[in-house]
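Please work through the exercises below with the sequence and the coordinates open beside you. Each task sentence is followed by a solution that goes step by step.

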Amino acid sequence: MLKLLDLLSAVALLVWGTHIVRTGILRVYGTHLRRVLSHSVQKRPLAFAAGIGVTALVQSSNATALLATSFVATGLMALAPALAIMLGADVGTALMARVLTLDLSWLSPLLIFFGVILFLSRKQTRAGQLGRVFIGLGLIILALQLIVAAAEPMTQAKGVKVLFSSLTGDVMLDALTGALFAMISYSSLAAVLLAATLATSKVISLKVALCLVVGANLGSGILALISSASQNAAGRRVALGSLLFKFAGCLLVLPLVGPVATWMDDWPFRTQELVIAFHVLYNATRCLACLPLTEQMAQLCTRLMPDRQSPEDTVRPRHLDPAALDTPSLALVNAVRETLRMGDIVEQMLNHLMQVIHSGDPLLAKQIRKQDDDVDALYTAIKLYLARMPREDLGERDSRRWAEIIELAINLEQAGDIIEHMLGAVQDKKTSRSRSFSDNGLEEITVLHGQLVSNLRLALSVFLNGDQEGARRLRRAKQRFRLQERHYAHAHVDRLRQQVVQSIETSSLHLDLISDMKRLNSLFCAIAYAVLDNPDASLGDVHGEDADFVEHEVGQAQQSPTPGSRATG
């Protein structure tokens, strides 16, 4: 029993080592790896090579599958290139299994020693995260040694022989066992390495080991399909196509495992090397044979898994994939995309509000309230998603991006509440009393509305790109809006002095609306200060009177009116 526990703990250490390497690489190079994958879509061989390279770095085809499915789910990549990347990921996993089975026992203590020093001394830096990768690699090599040491005494135990005797002869049962272990360990690499080690220790035969290898590949495909459950239909097609390719390969090779094992048994190599060689040859042959069929598989997956419209009465986050939380750079990109979706809904609310002001359409008023509920739901989802992210592992740039996302999400949620309040005021003081604005008053509100929508679009662009020049334009647009709002307030008072009946009847509403628009404008333009406060772009980047303008704007922002300080007619 003690030896069995030693074996299980060694397997757990192997799984944990692969997890540490995967998360460490993605935290340091996640953005660069995403860029490599997203740009490798023109030709199938290039996409195939990108899949091999990325998987070799992160030690997991599941991590590569996560990146590919997220690209396809958002329309950044077509399905056929994504399937080519997935085929390359399978080959990358096989190649890394070959590297890790070399005699690297001398390397394990060095990697762990220097990795711990780097990680503890420079935890929040890129060097610290590379130390984390070194620790993971050292643990993988150490775990393989422990598996061998724990498996050797077990070969003579009668109970163990009885246990593994069920894995002889039935290729389907052996393959399903390999698939199950790959799913439990969340790594086909771990399952293949364990099968090779057990075969070397004579715990299982070579034929059984080869069946476990085939099953492990199938298990990784099932795991990828399960992991993509939160994606839309486009994202799930990537995992489905990859699984179908693996299932076809499994059906074709399993009947040949017996003759192949007999043939390979005569090779002058160790059993472990034979298992790994089969893994590499099987994946390389299968993937190269499937590479020309990616277009046909894409068409088949599209027919098997068509797009389905979500119910209109519910809104759910589309991009907040929980599986990406271990990769801060990817999780932040997901949160950015969901925040931009909030901004789009707020823009629709503004446009609908203007139509209500013109026509008083009650259906549009109902739609605005529904959209405010949608904004609140997305804000809550984004807030909880960011709260689950391990901030202690974020670098300085990611921490700053984290703060920008939550600040803009808060501002958009408040903007939705203000627009709903404006709608209530319009219905109470104008529509229900059959009143109308004067021609000049309606034109002023329309002009301010147009500027407000333009500033919102510019703010979302600045938030997405972090453009310094765009941030300065947004800051100047905020000041122009304030000057325009003040000018229109004075013009309204002049119309009251001229005894314009429509202006007198809607005076309170008119001043409330332009005051609320000023508050909305301040919320939208706040992102400009977050971008300009970036240490890489200090106030010194702004020259002459523009620097004084920044200081003036900051002072004005601190003195902006509170929700209860609206002007009254």
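The exercises that follow concern a predicted model, and they go from confidence through one helix and the cores to charged pairs and cysteines.

**Exercise 1. Establish what the confidence values say about the chain as a whole, and find where the pLDDT is below 50.**

Step 1. The mean pLDDT of the protein is 77, and 78% of its residues reach 70 or more.
Step 2. The stretch with pLDDT below 50 covers residues 537-569, and this stretch still has 45 contacts in the model beyond near neighbours in sequence.

**Exercise 2. Compare the span of helix α15 with its expected value, and decide how far the helix is enclosed.**

Step 1. Helix α15 runs over residues 328-359.
Step 2. With 32 residues at 1.5 Å a residue, α15 should span 46 Å, and because its end C-alpha atoms are 46 Å apart, the expectation and the model agree.
Step 3. Of these 32 residues, 25 are buried, so α15 is largely enclosed by the rest of the structure.
Step 4. Glu338, which has its place in α15, serves as an example, since at 0% relative accessibility this residue counts as buried.
Step 5. Leaving aside neighbours within four places in sequence, the contacts of Glu338 are Pro317, Arg318, His319, Leu320, Leu378 and Ile382.
Step 6. After α15 comes Gly360, with a positive phi near 70°.

**Exercise 3. Describe the largest nonpolar core, and state which element gives the largest share of it.**

Step 1. The largest nonpolar core has 73 residues, of which Leu386, Leu520 and Phe524 touch the most other members.
Step 2. Two or more residues of this core come from each of α15, α16 (362-387), α17 (396-431), α18, α19 and α21.
Step 3. The largest share, 15 residues, is given by α15.
Step 4. For Phe524, once neighbours within four places in sequence are left aside, the contacts are Val346, Leu350, Leu412, Ala415, Leu452, Leu456, Ala459 and Leu474.
Step 5. Another core, of 44 residues, lies apart from the one just described, and its members include Ala175, Leu194, Leu218 and Val275.
Step 6. As background, nonpolar side chains in soluble globular proteins tend to be buried together.

**Exercise 4. Is Leu460 buried or exposed, and which residues does Leu460 touch?**

Step 1. Leu460 belongs to helix α18, which covers residues 439-465.
Step 2. Because its relative accessibility is 10%, Leu460 counts as buried, the cut-off being under 20%.
Step 3. Not counting residues up to four places away in sequence, Leu460 touches Leu340, Gly343, Asp344 and Leu408.
Step 4. The C-alpha atom of Leu460 is separated by 9.0 Å from that of Thr339, although these two residues are 121 residues apart along the chain.

**Exercise 5. Contrast a salt bridge that links distant parts of the chain with pairs separated by about one helical turn.**

Step 1. Side chains of opposite charge can pair when their charged atoms come close, and a search of the whole structure finds 10 salt bridges.
Step 2. In one of them, Arg457 pairs with Glu347, the closest N and O atoms being 2.6 Å apart. This pair links distant parts of the chain, with Arg457 in helix α18, Glu347 in helix α15, and their positions 110 residues apart. Glu347 is buried, with a relative accessible area of 13%.
Step 3. Glu469 forms a salt bridge with Arg472, where the closest N and O atoms are 3.6 Å apart. Because they are 3 residues apart in helix α19 (residues 468-497), Glu469 and Arg472 are separated by about one helical turn. Glu469 counts as partly exposed at 38% relative accessibility, whereas Arg472 is buried at 14%.
Step 4. Asp516 and Arg519 form a salt bridge with closest N and O atoms 3.2 Å apart; they too are 3 residues apart, in helix α21 (residues 507-532), and about one helical turn separates them. Both Asp516 and Arg519 are buried.
Step 5. Salt bridges also link Asp90, Lys246 and Arg286 in a network.

**Exercise 6. Why is Cys211 not bonded to Cys250?**

Step 1. The structure holds 0 disulfides.
Step 2. The closest cysteine sulfur to that of Cys211 is in Cys250, and because the distance is 8.8 Å, the two are too far apart for a bond. Cys211 counts as buried, at 0% relative accessibility.
Step 3. Cys287 is in no disulfide either, its nearest cysteine sulfur, that of Cys290, being 6.6 Å away. Cys287 also counts as buried, at 0% relative accessibility.

Key
Residues numbered from 1 in each chain as written. Predicted model: local features only at pLDDT ≥ 70, side-chain atom pairs only at ≥ 80, totals over all residues. Heavy atoms only, no water. Helix = DSSP H or I, 4+ residues; strand = E, 2+ residues; numbered from the N terminus. Buried < 20%, exposed > 50% of the residue type's maximum accessible area, 1.4 Å probe, protein only. Contact = heavy atoms within 4.5 Å. Salt bridge = Lys/Arg side-chain N within 4 Å of Asp/Glu carboxyl O. Core = buried A, V, L, I, M, F, W, Y, C linked by side-chain atoms within 4.5 Å. pLDDT = per-residue confidence, 0-100. Disulfide = S-S within 2.5 Å. Expected span 1.5 Å × (residues − 1).
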